[in-house]
Structures are given as C-alpha cells and as structure tokens.
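User: Hello! I am new to this structure and would like to be walked through it. Could we look at it together, one question at a time?

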Amino acid sequence: MNGRQKSQNKSYNVQWSGSFNLDFGVRQGSVLAPFLFAVYIDDIAEIFSFERGVHIVVYADDIILVTSSVSVLQNALKICQRELEYLDMAINTKKTCCLRIGPRANISCTPIQTLSGISLQWFDEIRYLGVHIIQSSRFKISLDRPKRSFYRVANSIFGRVGRVASEEVTIQLFSSKCVPILLYGLEACVLNKHQIASLDFVINRFFMKLFKTNNIEIVKACQEFFGFQLPSVQIAKRITKFEIQFQERSRLIKL
C-alpha cells in the first residue's frame, strides 16, 4: 500500500509518542502484506524458469534451490543473490544451509560460497516450513522431532485432565491439540510403511495409557467407539484432499 499514512498516537504508561508518517509499506499484521510480498518477490521464482537442472521453491521469504549438482547449486545461488540485491534484499547466511539427496549423499564436498565469500555448510538435516528433511539417497523426512513435540503436549494434557475429565473430553483435546503436531505437513511428503506404522504406534501407546491396558484389541475397540482414526487412515485422506486441491489450483493458474 503506497502513499503517506499518518500514525495514530498511542498511549503507553500515561505517555504519548510523537506522530510520524509512513511513506511506504503496509502496517505490521496487515492482511495485504502476504499478497504484496508475494508480488514483490515473484521475480525470484521466474529467474530459473529456463534454467535446466535448477528448480526453486518459494514460500514467502523461505526459499529452496534444488539443483542436479553442487556446481550448478553454486551458480544458482549467485544468480539468486544478485536478484535479491536488485530487490534490496539479502539472504540470511546464519539461517541458510545445504543438504545433499541422492546416490552421492554421503560423499563430502566443498562448502557453497556466497557472493560475499561466506561459506554455507552442509548438514545432515534441515527444517523447511516445519518439516525436517534429512540427508539420504532419496527424499526422506525425519519424524523424531514431531514425535517429541507430540509426547510433550500429550503428556501435559494428560497430566492436567487425564484423571479428572472423561475419556471423551481427553480424546477431543488430544485430537485437536496433539494429533496436528504429529501429522503436520505429511500430506505433501513421501512416507514409507515403517514411518506410517511408527505414527500409529505413537497413537496406540497414548490410548493404552488412557485406558490402562496393553491389549491392542481393546485399544482398537476404544478407537472405533470414539470414532478416532489412526494416522495411517488420516494421512491417506489428507493426501487425497491435497492432490485434489493442488490439481484445482494448477488448473486455475493455467487459465
């Protein structure tokens, strides 16, 4: 939102600040901010549209460069930096890192250099939009941290209301506060059978604790009675929904 905007005086601790003008930009928290920023940074997504072996993923100010080799990545980073400088922006080298995925993932290589000469190190695991991607021969995510966060929140809820509230209330709190932590972003990721089974195991352990039993058949009966679906079922439904939404949006973009 361009133009001059005059701020309103705000009272804090019986003191008044002086007035000042905003010559450009939008107010913090404005609903327009994400849309205008997307328009502003859209050039970044276009610079590699004709580059072979280079793909870019942009979500707000979080950027991923995917290349076919280390040398291509080095060149792509320089191109991206020059475009950001043109937009009066810069990468945060403290939050920027590199990760290898593919048959040569375990082979060490030289650090990637920025235009200013700062080295970007290679890591075994990175976090992008809340999803932890790990170094592997193929694309793979780590579920260790989501599980730890899940256990922390679930134990907190259970410790406060688990012996006081009814099972129905506890399961409702569990479903709305804990399960989303465990399943966050998984509809856009590829999971193997072992990972999906490990998520079901986490849920089953909670039900065993809630109903004071180690019998899996009793746990399954309780889940069916309360209409609770295991992650293996929920993820399958979320993937289907995600694919439908993705296809619809892709069709709209082409139009």
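Analyst: Happy to help; the questions and answers below go through this predicted model.

User: Let's start with the core. Which element gives the most residues to the largest nonpolar core?

Analyst: The largest nonpolar core has 32 residues. The elements giving two or more residues to this core are β9 (125-128), β10 (131-134), α4 (144-161), α5 (167-177), α6 (179-183) and α7 (193-211). With seven residues, the top contributor to this core is α7.

User: Which residues touch the most other members of that core, and which residues is F174 in contact with, leaving aside its neighbours within four places in sequence?

Analyst: In general, nonpolar side chains tend to be buried together in soluble globular proteins. Here, the residues that touch the most other members are I141, F150, F174, L186, L199, I203 and F207. Once neighbours within four places in sequence are set aside, the contacts of F174 are F150, A154, V179, I203, F206, F207 and F228.

User: How many residues are in the other core, the one that lies apart from it?

Analyst: This other core includes F48, C80, L84 and L87. Its full count is nine residues.

User: Is V31 buried or exposed?

Analyst: V31 sits in the loop between β4 (21-22) and α1 (33-40). Together with L32 and L36, V31 forms a nonpolar surface patch with about 260 Å² of accessible area. The cut-off for exposed is over 50% relative accessible area. V31 has 66%, so V31 is exposed.

User: Now the strands. How many bridges pair β5 with β6, and which residue stands opposite V58?

Analyst: Strand β5 covers residues 54-59 and strand β6 covers residues 62-67. They pair in the antiparallel sense, over six bridges. The residue in β6 that faces V58 is I63.

User: Which residue in the hairpin of β5 and β6 takes a positive phi?

Analyst: This hairpin has two residues between the strands. The positive phi is near 55°, and the residue that takes it is A60.

User: Which strands stand at the edges of the open sheet of three strands?

Analyst: The order in this sheet is β9-β10-β11, with antiparallel pairing. Two bridges join β10 to β11, and H132 stands opposite S142 in β11. Two strands have a single partner strand each, so one side of each is left without a neighbour in the sheet: β9 and β11 (141-142).

User: How many salt bridges does the structure hold, and how far apart are the closest N and O atoms of E125 and R145?

Analyst: Side chains of opposite charge can pair when their charged atoms come close. The structure holds two salt bridges. One of them links distant parts of the chain, with E125 in strand β9 and R145 in helix α4, 20 residues apart. The closest N and O atoms of E125 and R145 are separated by 3.8 Å.

User: Are E125 and R145 exposed or partly exposed?

Analyst: The relative accessible area of E125 is 29%, and that of R145 is 44%. Exposed would need over 50%. So E125 is partly exposed, and R145 likewise counts as partly exposed.

User: Which residue forms a salt bridge with R238?

Analyst: R238 lies in helix α9 (residues 231-254) and its partner in the loop between α6 and α7, so the pair ties together parts that are 51 residues apart in sequence. R238 is partly exposed at 29% relative accessible area, and the partner is partly exposed at 22%. The closest N and O atoms are 3.2 Å apart, and the partner is E187.

Technical notes. Residues are numbered from 1 along each chain as its sequence is written. This is a predicted model: local features need pLDDT of at least 70, side-chain atom pairs count only at pLDDT 80 or more; totals for chains, interfaces and linings use all residues. Side-chain values use heavy atoms; hydrogens and water are left out. Two strands pair if DSSP finds at least two bridges between them. Helices (H or I, at least four residues) and strands (E, at least two) are DSSP runs, numbered from the N terminus. A nonpolar core is a set of buried Ala, Val, Leu, Ile, Met, Phe, Trp, Tyr and Cys residues joined through side-chain atoms within 4.5 Å. Buried means under 20% relative accessible area, exposed over 50%, partly exposed in between (1.4 Å probe, protein chains only). Contact means heavy atoms within 4.5 Å. Patches are made of residues with over 30% relative accessible area and no salt bridge: like charges are joined within 9 Å, nonpolar side chains (Val, Leu, Ile, Met, Phe, Trp, Tyr) within 5 Å. Accessible areas come from the Shrake-Rupley method with a 1.4 Å probe; for residues, only the protein chains shown count as cover. A salt bridge is a side-chain nitrogen of Lys or Arg within 4 Å of a carboxyl oxygen of Asp or Glu.
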